[in-house]
Amino acid sequence: QYRDYDKDSFAGTFYWAVSPRTDILAEARYIETEYDKVNPLDPFGSLDAEEWNYYLGAQWDATAKTSGSIRLGMYDREYDSGARKDDDGFSWEVDLTYKPRSYSTWNLESKRYTQETNGRGDAVDTDRTTLTWDHDWASRSNTNVKVYFGTEDYTGADREDDRIGVDASYNYAWRRWIDIGIGYRYEDRDSTFELRDYSRNEYYLRADFSL
């Protein structure tokens, strides 16, 4: 009950075309978070906060093979409670796509941002990088491989998690209206708070139906 919250966000972006396929951008985002209840056992009081994000960057669609966007900037998170320490730092968003063939696509995504805590500290400063390869082997079959890694730093608490994971799947269009797939997923979390360490292996079958 002390983790229920409402979040409102607003953003605005200014684009300046420097070439037919490339824009430079400036962006600002505002996020307001209000929790429904304050935990009476928490000596630091409310987790309500306001956050600003500022970015400079570029986006492009240079060729049929390459496209992407890069945003670099900073965040500033301020708490309503004077007992909590405000947080600020460097942030980024990177999204790069490379398509060497019409049937094969590579995508790199990397991001650093803050998110709400799930039980310890004030918030979680998170960075995550994901590399995805999607390949069509034939008109009906394709594979998807995803690898990711990142860290989660709990501000206001002595906890930091390192996370890595792999997700690989094979998909087959069995009929016009049904796709089937088989996959494997692995995830590992190594935390300074040892009770939160875990690893998981998951095998799955899936089916997608459409009209």
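These exercises work through the sheet, pockets and aromatic contacts of a predicted model.

**Exercise 1. The sheet**

Find the order of the strands in the sheet, and say which strands stand at its edges.

Solution.
- Step 1: Trace the order. The 11 strands run β1-β2-β3-β4-β5-β6-β7-β8-β9-β10-β11 in an open sheet. Their pairing is antiparallel.
- Step 2: Look for strands with a single partner. These are β1 (5-19) and β11 (198-209). They stand at the edges, so one side of each has no neighbour in the sheet.
- Step 3: Check the angle between neighbours. On average, neighbouring strands are turned by 15° against each other, direction ignored.

**Exercise 2. One strand pair**

Describe how β3 and β4 pair, and name the residue in β4 that stands opposite tryptophan 52.

Solution.
- Step 1: Locate the strands. β3 covers residues 49-60 and β4 covers residues 66-79.
- Step 2: Read the pairing. The two are antiparallel and share 12 bridges.
- Step 3: Go to tryptophan 52. Aspartate 76 of β4 stands opposite.
- Step 4: Look for rings that cluster with Trp52. Tyr30, Trp52 and Tyr54 make up one aromatic cluster.

**Exercise 3. Two pockets**

Give the volume and the lining of the largest pocket, then do likewise for the second largest.

Solution.
- Step 1: Take the largest pocket. It holds about 250 Å³ of space. It is lined by 18 residues, and Arg3, Asp42, Leu47, Arg84 and Gly121 come closest to its centre.
- Step 2: Sort that lining by class. It has 6 nonpolar, 6 polar and 6 charged residues.
- Step 3: Move to the second largest pocket. Its space is about 190 Å³. Of its 16 lining residues, Ile31, Glu51, Asn53, Tyr113 and Thr114 are closest to the centre.
- Step 4: Sort this lining too. The classes are 5 nonpolar, 4 polar and 7 charged.
- Step 5: Assign the lining of the second largest pocket to strands. β1, β2 (22-35), β3 and β6 (104-116) each give at least two residues. β6 gives the largest share, 5 residues.

**Exercise 4. Aromatic pairs**

Count the aromatic pairs. Then classify the pair of phenylalanine 90 with tryptophan 92 and the pair of tryptophan 177 with phenylalanine 209.

Solution.
- Step 1: Count ring centres within 6.5 Å of each other. The count is 8 aromatic pairs.
- Step 2: Take phenylalanine 90 and tryptophan 92. Their ring centres are 5.8 Å apart and their planes meet at 45°, so the pair is tilted. Phenylalanine 90 is partly exposed, at 45% relative accessible area.
- Step 3: Take tryptophan 177 and phenylalanine 209. The distance is 6.3 Å centre to centre, with 25° between the planes. Planes under 30 degrees apart count as stacked, and this pair is stacked.
- Step 4: Place the two residues. Tryptophan 177 is in the loop between β9 (159-175) and β10 (178-191), and phenylalanine 209 is in strand β11, so the pair ties together parts 32 residues apart in sequence.
- Step 5: Compare exposure with the cut-off, over 50% for exposed. Tryptophan 177, at 41% relative accessibility, is partly exposed. Phenylalanine 209, at 60%, is exposed.

**Exercise 5. A residue in β10**

State whether isoleucine 182 is buried, partly exposed or exposed, and how far its C-alpha atom is from that of aspartate 158.

Solution.
- Step 1: Place the residue. Isoleucine 182 belongs to strand β10.
- Step 2: Read the accessibility. At 49%, isoleucine 182 is partly exposed.
- Step 3: Take the distance. The C-alpha atoms of isoleucine 182 and aspartate 158 are 39 Å apart, and the two residues are 24 residues apart along the chain.

Technical notes. Residues are numbered from 1 along each chain as its sequence is written. This is a predicted model: local features need pLDDT of at least 70, side-chain atom pairs count only at pLDDT 80 or more; totals for chains, interfaces and linings use all residues. Side-chain values use heavy atoms; hydrogens and water are left out. Two strands pair if DSSP finds at least two bridges between them. Helices (H or I, at least four residues) and strands (E, at least two) are DSSP runs, numbered from the N terminus. Axes are lines fitted to C-alpha atoms, for helices over the stretch in contact, and angles run from 0 to 180 degrees between N-to-C directions. On a 1 Å grid over the protein atoms alone, a cavity is a set of points where a 1.4 Å probe fits but cannot get out, and a pocket is an open set with protein on both sides within 12 Å along at least five of seven lines; lining residues have an atom within 4 Å of a point. Grid points are joined across faces, edges and corners, and a volume is the space filled by probe spheres set on the points. Ala, Val, Leu, Ile, Met, Phe, Trp, Tyr, Cys and Pro count as nonpolar, Asp, Glu, Lys and Arg as charged, and the others, Gly among them, as polar. Rings of Phe, Tyr and Trp (its six-membered ring) pair if their centres lie within 6.5 Å; planes under 30 degrees apart count as stacked, over 60 as edge-to-face and the rest as tilted. Buried means under 20% relative accessible area, exposed over 50%, partly exposed in between (1.4 Å probe, protein chains only).
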